Amino acid sequence: RVLYRLLSGMHAATNTHIARYYHAPSKRKNRTAWEPNLDYFSRQFVGHPDRLKNLHFAFVVLLRAVARASHHLSTYSYSSGEAGEEERVSVLVKRLLDTPVLRSCGPLFEAFDETLLFREQQAPWWSLKKQFKGVFHNVSRVIDCVSCQKCKLHAKVTMLGFGSALKMLLLPLELLPTAISRDEIVALVNTLAKFSTAIQYVKELTSLHLADFARLAAETSVSDAADAVAAAALSRASVASMPLTAVAAATAADAAAAMNSPTTPRPPTAQASAGTRLGTAAAAPNGLASQAGGVLNTASSLQSTLPLNAGFTQQLEAGAAPGSILAIGSSSTAQLLDTSLLHLSSLSSRKAIDAHTETEAVARALHLDLRVLLLLKHFGNSPLADAHLRSALSLPPFIAAADSTHTLSLATPFSSPSTAATAARRDAQPHGAAIDGVGSGSALQVDKGSVAEVLVIGSGVAGLTATLRLLDGGARVVLMDKEKRLGGNSAKASSGINGCCPTHSRSDKNAADTVAAFAADTAKSAQREPAGLIKLLADSSAAAIEWLLQRTSIDLSQVAQLGGHSYARTHRPSNGMIGAELVYALQKEVKKYEATGQLTLLTGCSATQLLQDASGSVTGVAYIDANNAYATLHAARTVLATGGFANDRTNTSLLAAYRPDLLRFPTTNGEWATGDGMKMAMAIGAGTVDMEHVQIHPTGFVDPSDPDASTKVLCGEMIRGVGGILLTPDGTRFVNELSPRDKVVAAQLATGAAAFPILLNAAAAAEAGKHVELYTRKGLLKRLNGVSELAEFILNPPRFVETNGSATATALAQVLSTTLAQYNAAAAAGADEFGKRYFYNAPFDPDGAFVAGWIVPVLHYTMGGITMDSNGAVLRADGTRILGLHAAGEVTGGVHGHNRLGGNSLLECVVFGSIVGKALAEEVKQARALAAEAAMAGGTGRPAGAA
């Protein structure tokens, strides 16, 4: 997080300077000086207050470094050979060290302890310090690719400045005189100046932005005034990170300006008030905070700042009747609005709500929606405040016209024109499904005759299987994925899919295998009983394989025995990688339905929130579309197939919440594996199970061209299944390679080694086929001849691996020969000291051909997830169903327990994707039949059974 905030701060500083000096002087355009670009500034920071916070954070880090190294900086010799230069620079440096800013930060700096930054360091290969340093090196390499020499120079100076600051913070003080060069001090001071001016420019650009908005607001018609005020409030809260009172004051000023339009008659006092505020906002926007109390705590100011129903203005001056629920224009209104916005600001700053929810909530609050105002007042500090708020926003606003008591009544719900239009469109769709634009004013165009009856979020094997089952069953489906390409992590799977036991895959390797044995193996690894979801998985496995073979073009002719399995039951293609082949086969069949209009594909769309009706049933999803605009999709049935969180390093990280000790490990998961579906379901009360059980896979390839990469290519378990063996850097074996994954990882960590060679002989490499070809082509595996070349390979490991420095290739080759001889003897005997009983493709000829690579343990899979029943229906923590919501795949928990067996992930996706897809397809048929009966009963003349 520290590293991210530093880099984000650098980015913010650079963008601020670009925004400030965007337009060059031009005689043709009558520009005599460099001018700012407020649109560019808004695009960078509106809706992203974290970027400006990170700018300040990075600036504080620089100041802390200067303060810590103050003695060294004050005594450093700044001589450059020019007369008087050293004295002048020394005076300037001492002036810097004596600034009020540094003096005032003194007590704060005493609380810093940079030594805690890398306290999780436990082994060389996952050293946080090395990763931290590596990222800076990688950024420097990227900068070398920049063609503009000025840009490159500025970037290099900034990177060097931060590198100098980190050295000053992390090195012992006594080492600074010899460790810090003149160039580093120069870079540090220049970087400090760059950030200081960036912070000043933020203030300047924010002022110009507010003044510009005030000008636009004055030209806004009354009908647009409320939306303009809401946008302004959000803009200021995001851009300037103002205190809430300042935001409210600015909102009042802008509303007054908008309301003072000559097209709308206003009371004279209101017009005068508005004019005064507009002038103040335009002339001195930095003084808004000091005006906040006066603006918000008087009836006359609220009267001129809130968009009220026609006819209110004269009644307001008379005041509200005693005992009213909410008197418009009274101090209680101001206090309620202020309290509600305060809670809303707190939810936003904690990242408890997304930008879409924040935008809508601010607008509803400023419209005096009592649902939102009272909820935030009474539940704003509740741990479930975000969930309550989303529920309130899913309902129509409560904004009533004034009655004779001049109050807002809770008696009648009121829908704005936009809300009413949305409801009307939704009601016009079959089965309550509709797709609407949000914020942009335009709806996402979907054929009204093919609106989704089911929404599937996620396009891995679970999502594709559910979708295909639904389409085959006649349902209309919208399939959404946040990536442009379908497949997710499923496309990266390599070991295979389990099945016990289809007829075509029976052989002497699994003749005695049974469904009960498969369930027992799965339960043993999970540390659970072979019942419930585990039994359902095993019972359904053969049918899952048969369905794939019959319904798609997938080849599953190869069968191997993976770790933790009693028999060979893991199926894979002979012509490629199982994940890529299976995703291709499924999406090929799914996409055939696009031409008929039965399927709508929405790629590049990120779901952000599940929508619910008043009863708590899920009615669709809010999302960010491919054009980065907010939208909602309403559907009668929603299926989550969004995967796990094994690469969740976001600021709402589930990995950090449940297993922070594992953050140091690299991962095999794509950047999309951030637990989005789990978070959305948890936000509406879904239960969770086994969230702390995160699988570390023992074999992720170390890429020699990028050994420090945080994302690794998985070395599939099949490589060990065909006979691959694991070695220490000393050339010895240490584990039964076919043990369950958690056992292999425990043995790896017990050795203390940073990485491990994995070795295949010619027979094993031949059986692995395409896998070895692919990994060799990528440079992850290397072909070798005999133990002498293998010894040379091991003695030249990735740079973070420590080997026996005194070992020679000859000595290591002898150790390797002994290790292989012992392995061959154990294979002949049928058992070894580690409990291994299956020795596929043994023996290993010490003079024969080998294929070898380096591997490390990697984050691979999250066993935990949201709770579901045997039909895939999502359950609350109390075991009740959340109507309208189903799930399948890694997003769910309860199937794999403590540890997942290899090959069970794809099986789970197909089994539970099929269960959900078939069940919902049948539900759609029943709903259509009921609709047809209702239509006939209503005298429409439509035949029974018509959709």
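**Contacts, strands and unusual backbone spots**

S525 touches P740, H898, N899, R900 and L901, leaving aside residues up to four places away in sequence. These contacts, like everything described below, come from a predicted model. S525 sits in helix α24, which spans residues 515–526. Is S525 buried or exposed? With a relative accessible area of 6%, S525 is buried, because the cut-off for that label is under 20% relative accessible area.

We can now turn from this helix to a sheet. Six strands form an open sheet in the order β7-β3-β2-β11-β20-β19, and their pairing is mixed. At the edges stand β7 (599–603) and β19 (873–875); each has a single partner strand, so one side of each is left without a neighbour in the sheet. Direction ignored, neighbouring strands of this sheet are turned by 30° against each other on average.

One pairing within the sheet is worth following in detail. Strand β2 (residues 454–457) and strand β3 (residues 477–481) run parallel and are joined by four bridges. Which residue of β3 is the bridge partner of I457? That partner is M480.

The backbone also offers some details to look for, beginning with cis peptide bonds. One cis peptide bond links C500 and C501, with omega at about -20°. C501 belongs to the loop between β4 (497–498) and α24, and α24 is the helix that also holds S525. Another cis peptide bond links A842 and P843, where omega is about 5°. P843 lies in the loop between α35 (809–829) and β17 (849–862).

Positive phi values are the next feature to find along the chain. L368 has a positive phi of about 60°, although L368 is not a glycine. Where is L368 found? Its place is the loop between α19 (355–366) and α20 (370–379). L368 counts as buried, at 4% relative accessibility.

D690 likewise is not a glycine, and its phi is positive, at about 60°. D690 is found in the loop between β12 (688–689) and β13 (694–701). Here a relative accessible area of 9% is computed, so D690 is buried. For a reader tracing the chain on screen, L368 can be looked up in the loop that precedes α20, and D690 in the loop that precedes β13.

Terms used
Residues numbered from 1 in each chain as written. Predicted model: local features only at pLDDT ≥ 70, side-chain atom pairs only at ≥ 80, totals over all residues. Heavy atoms only, no water. Pairing = 2+ DSSP bridges. Helix = DSSP H or I, 4+ residues; strand = E, 2+ residues; numbered from the N terminus. Axes fitted to C-alpha atoms, helices over the stretch in contact; angles between N-to-C directions. Buried < 20%, exposed > 50% of the residue type's maximum accessible area, 1.4 Å probe, protein only. Contact = heavy atoms within 4.5 Å.
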